[in-house]
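These are my notebook entries on a single protein chain. I record what I looked up, entry by entry.

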Amino acid sequence: MMPEIQVSEKLISFLLFMPLFFISLAVHEFSHAYSAHRFGDNTAKDLGRLTLNPVKHIDLVGSIIMPLISFASGYMLIGWAKPVPVNRSNFKNHLRDDAVVSAAGPVSNFILAVIFFILSVLMVSVYPSERFINLLRLGCYFNLFLFVFNLLPIPPLDGSHILYDIFPNRFTASLINAGFYGFFILLIFIYSPLWSYVVKIINFIFRIFLSISGEV
């Protein structure tokens, strides 16, 4: 007699969420590539990045290894995709166009969060499966996280580019050119008391969604 195999609910939820995770990252990077293409920069397009195919945007460490480590450690899901290359010298208006291209990724995640939330509301009456409703809500929350997180004016996040495009000076220029040091600045911020304010902002926006649907 074959032994009964037990699969944890946590593992099932993780595996079900991963497609939404990859889709969210792909939409973010595609939005950068598409907006850059519209403004005359075909760098991403020529590299095959003007696509919604998640495989083209997957980063081995950021999209595979880090999510697995996050799952195994029980910590919040951490991950990223390969950044879309953008050559601002191809833009007619370097600052304005780069600001729009930089903002396109986070904005696309906000739109995706709205879509996931609407689907979760519709699912309550169409197919009231608690597992999939919670999965869609998680997809909504994750995309709100990507929206707020990527707008932070810390390198290498999109917000640092937007800050430079609005206020071009030596300080903001040094931010977007921080290179590897930017990751240390970001890590220090994440583990600082200031990080709680980011979480509060995300939770506040999510509560607005819930209040619009009449759930709070």
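**Entry 1: Salt bridges around R88**

I began with D165 and R88, whose side chains meet in a salt bridge at 3.4 Å, N to O. The model is a predicted one, and I read each contact with that in mind. The pair joins distant parts of the chain, since D165 sits in helix α6 and R88 in the loop between α3 and α4, 77 residues apart. I then looked up the accessibility of D165 and found a relative accessible area of 7%; because buried means under 20%, D165 is buried.

I next asked which other side chain meets R88 in a salt bridge. It is D98, with a distance of 2.8 Å from N to O. Here R88 lies in the loop between α3 (60-73) and α4, and D98 lies in helix α4, so this pair ties together parts that are 10 residues apart in sequence. D98 has a relative accessibility of 5% and counts as buried. R88 has 22% and counts as partly exposed.

I noted that R88, D98 and D165 are linked in a network of salt bridges. R88 takes part in both pairs, with D98 and with D165.

**Entry 2: The salt bridge of E215**

I looked up the count of salt bridges, which comes to 4. One of them is formed by E215 and R137, whose closest N and O atoms are 2.7 Å apart. E215 lies in the segment after α9 (195-212) and R137 in helix α5, so the pair ties together parts that are 78 residues apart in sequence.

I asked whether each partner is buried or exposed. E215, at 42% relative accessibility, counts as partly exposed. R137 has a relative accessible area of 13% and is buried.

**Entry 3: The largest pocket**

I turned to empty space. Rolling a probe the size of a water molecule over the atoms shows where such space is left.

The largest pocket has a volume of about 1000 Å³. It is lined by 35 residues, and those closest to its centre are W80, N150, P156, L157 and F183. The elements that give two or more residues to this lining are α1 (9-38), α4, α5 (130-150), α6 (158-166) and α8 (181-190). I asked which element gives the most to the lining of the largest pocket. That element is α5, with 5 residues.

I also sorted the lining of the largest pocket by class and recorded 25 nonpolar, 6 polar and 4 charged residues.

**Entry 4: The cavity**

I asked how many cavities of 30 Å³ or more the structure holds. It holds 1. The largest cavity has a volume of about 30 Å³. Its lining is made by F22, L25, A26, P54, H57, I58, S63 and A81. Helix α1 gives the most to this lining, with 3 residues. By class, I recorded 6 nonpolar and 2 polar residues, and no charged residues, in the lining of the largest cavity.

**Entry 5: The nonpolar surface patch**

I then looked at the surface. A nonpolar patch of about 830 Å² is made by V107, I111, I115, I118, L119, L122, V126, Y127 and F132. Helix α4 (residues 94-126) contributes the largest share of the patch, 7 residues.

I chose I118 for a closer look. It is placed in helix α4. Its relative accessible area is 46%, so I118 is partly exposed.

**Entry 6: Two single residues**

L163 lies in helix α6. At 24% relative accessibility, L163 counts as partly exposed. I also looked up its separation from I65: the two are 98 residues apart in sequence and 31 Å apart in space, C-alpha to C-alpha.

F189 lies in helix α8. I found a relative accessibility of 16%; F189 therefore counts as buried, given that buried means under 20%. F189 and F116 are 73 residues apart in sequence, and their C-alpha atoms are 29 Å apart in space.

Methods:
Residues are numbered from 1 along each chain as its sequence is written. This is a predicted model: local features need pLDDT of at least 70, side-chain atom pairs count only at pLDDT 80 or more; totals for chains, interfaces and linings use all residues. Side-chain values use heavy atoms; hydrogens and water are left out. Patches are made of residues with over 30% relative accessible area and no salt bridge: like charges are joined within 9 Å, nonpolar side chains (Val, Leu, Ile, Met, Phe, Trp, Tyr) within 5 Å. Accessible areas come from the Shrake-Rupley method with a 1.4 Å probe; for residues, only the protein chains shown count as cover. Helices (H or I, at least four residues) and strands (E, at least two) are DSSP runs, numbered from the N terminus. Buried means under 20% relative accessible area, exposed over 50%, partly exposed in between (1.4 Å probe, protein chains only). On a 1 Å grid over the protein atoms alone, a cavity is a set of points where a 1.4 Å probe fits but cannot get out, and a pocket is an open set with protein on both sides within 12 Å along at least five of seven lines; lining residues have an atom within 4 Å of a point. Grid points are joined across faces, edges and corners, and a volume is the space filled by probe spheres set on the points. Ala, Val, Leu, Ile, Met, Phe, Trp, Tyr, Cys and Pro count as nonpolar, Asp, Glu, Lys and Arg as charged, and the others, Gly among them, as polar.
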